[in-house]
Amino acid sequence: VVPHIITGEVHWRVMAHLAACDIHIGSIFQIPSPKFPHGWHMWGVNTLEAMSMGKLAVNSYDPQPLELMGIDPKDCPVIEARPVNLKDKLEAVIDHGKPWVLEQGERCHQFVKKYFNDSVVSQDYIKAFQEVKLCVSI
């Protein structure tokens, strides 16, 4: 296992590193807000890109935003981790072995394909724009 911490890189270099990995560790912190006092946190673009490439994602997240997006949190293959349990979660992932990691990576890929494909996302944008009256008709 060779960990890489990538920061301040251009996108194509990040993607090159990501292509060589089996596991992507995204943000493991949650950001509290008035509406979500325990933290609103979803993974970012890098994690979605990793998942779309078939990489197992390890991230912190709150199931409530998934539910608000119409996604059943039980469908989410992301390994939920926080600073207090990251070491244990990663040890468990590694103990499962590479075939399991690759299988979970494929689950991540299918999840992104189902919930974050261009048709779904574009319809979400259209709906949001219409709700704030940025678009009258499409």
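Before I turn to the structure, one definition: I call a residue partly exposed when its relative accessible area lies between the limits for buried, under 20%, and exposed, over 50%. By that definition Arg-82, with a relative accessible area of 29%, is partly exposed, and I will come back to Arg-82 when I reach the salt bridges. Please keep in mind throughout that this is a predicted model.

Let me begin with the overall layout. The protein has 6 helices and 3 strands, and if you read along the sequence you find them in the pattern α-β-α-β-α-β-α-α-α. Of its 138 residues, 30% count as buried, and the protein exposes about 9,100 Å², of which carbon and sulfur atoms supply 60%. Among the contacts with a separation of 6 or more, 59% are made by residues that stand 24 or more positions apart.

Now to the sheet, which is open and is formed by 3 strands in the order E1-E2-E3, with parallel pairing. Strands E1 and E3, the latter covering residues 79-80, stand at the edges with a single partner strand each, so one side of each has no neighbour in the sheet. Strand E2, residues 56-59, is joined to E3 by 2 bridges, and one bridge pair to look at is Asn-59 with its partner Glu-80 in E3.

Glu-80 also brings us to the salt bridges, of which the structure holds 4. As a general point, side chains of opposite charge can pair when their charged atoms come close. The side chain of Glu-80 meets that of Arg-82 in a salt bridge, at 2.9 Å from N to O, and Arg-82 is the partly exposed residue from my opening, at 29%. A second salt bridge joins Glu-9 and Arg-13, where the closest N and O atoms are 3.6 Å apart; here Glu-9 is partly exposed, with a relative accessible area of 36%, and Arg-13 is also partly exposed, at 39%.

Which parts of the chain does the pair of Lys-98 and Asp-22 tie together? The two side chains meet in a salt bridge at 3.1 Å, N to O. Lys-98 lies in helix H5, residues 98-115, while Asp-22 sits in the loop between helix H1 (11-19) and strand E1 (23-25), so the pair ties together parts that are 76 residues apart in sequence. Lys-98 counts as partly exposed at 48% relative accessibility, and Asp-22 is partly exposed as well, with a relative accessible area of 29%.

Helix H5 appears again when we look at helix H2, residues 45-52, in which Thr-47, Glu-49, Ala-50 and Met-51 are buried. What covers these buried residues of H2 includes H1, E1, E2 and H5. After H2 comes Gly-54, whose phi is positive, near 80 degrees.

I will finish with the second largest pocket, which holds about 370 Å³ of space. Of the 13 residues that line this pocket, Met-69, Val-120, Val-121, Asp-124 and Tyr-125 are the closest to its centre. The elements that give two or more residues to the lining are H5 and helix H6, residues 118-131, and H6 provides the largest share, with 7 residues.

Conventions. Residues numbered from 1 in each chain as written. Predicted model: local features only at pLDDT ≥ 70, side-chain atom pairs only at ≥ 80, totals over all residues. Heavy atoms only, no water. Helix = DSSP H or I, 4+ residues; strand = E, 2+ residues; numbered from the N terminus. Buried < 20%, exposed > 50% of the residue type's maximum accessible area, 1.4 Å probe, protein only. Contact = heavy atoms within 4.5 Å. Areas by Shrake-Rupley, 256 points an atom, 1.4 Å probe, with all protein chains shown as cover. Pairing = 2+ DSSP bridges. 1 Å grid on protein atoms, 1.4 Å probe; cavity = no way out; pocket = protein on both sides within 12 Å on 5 of 7 lines; lining within 4 Å. Points joined across faces, edges and corners; volume = space filled by probe spheres on them.
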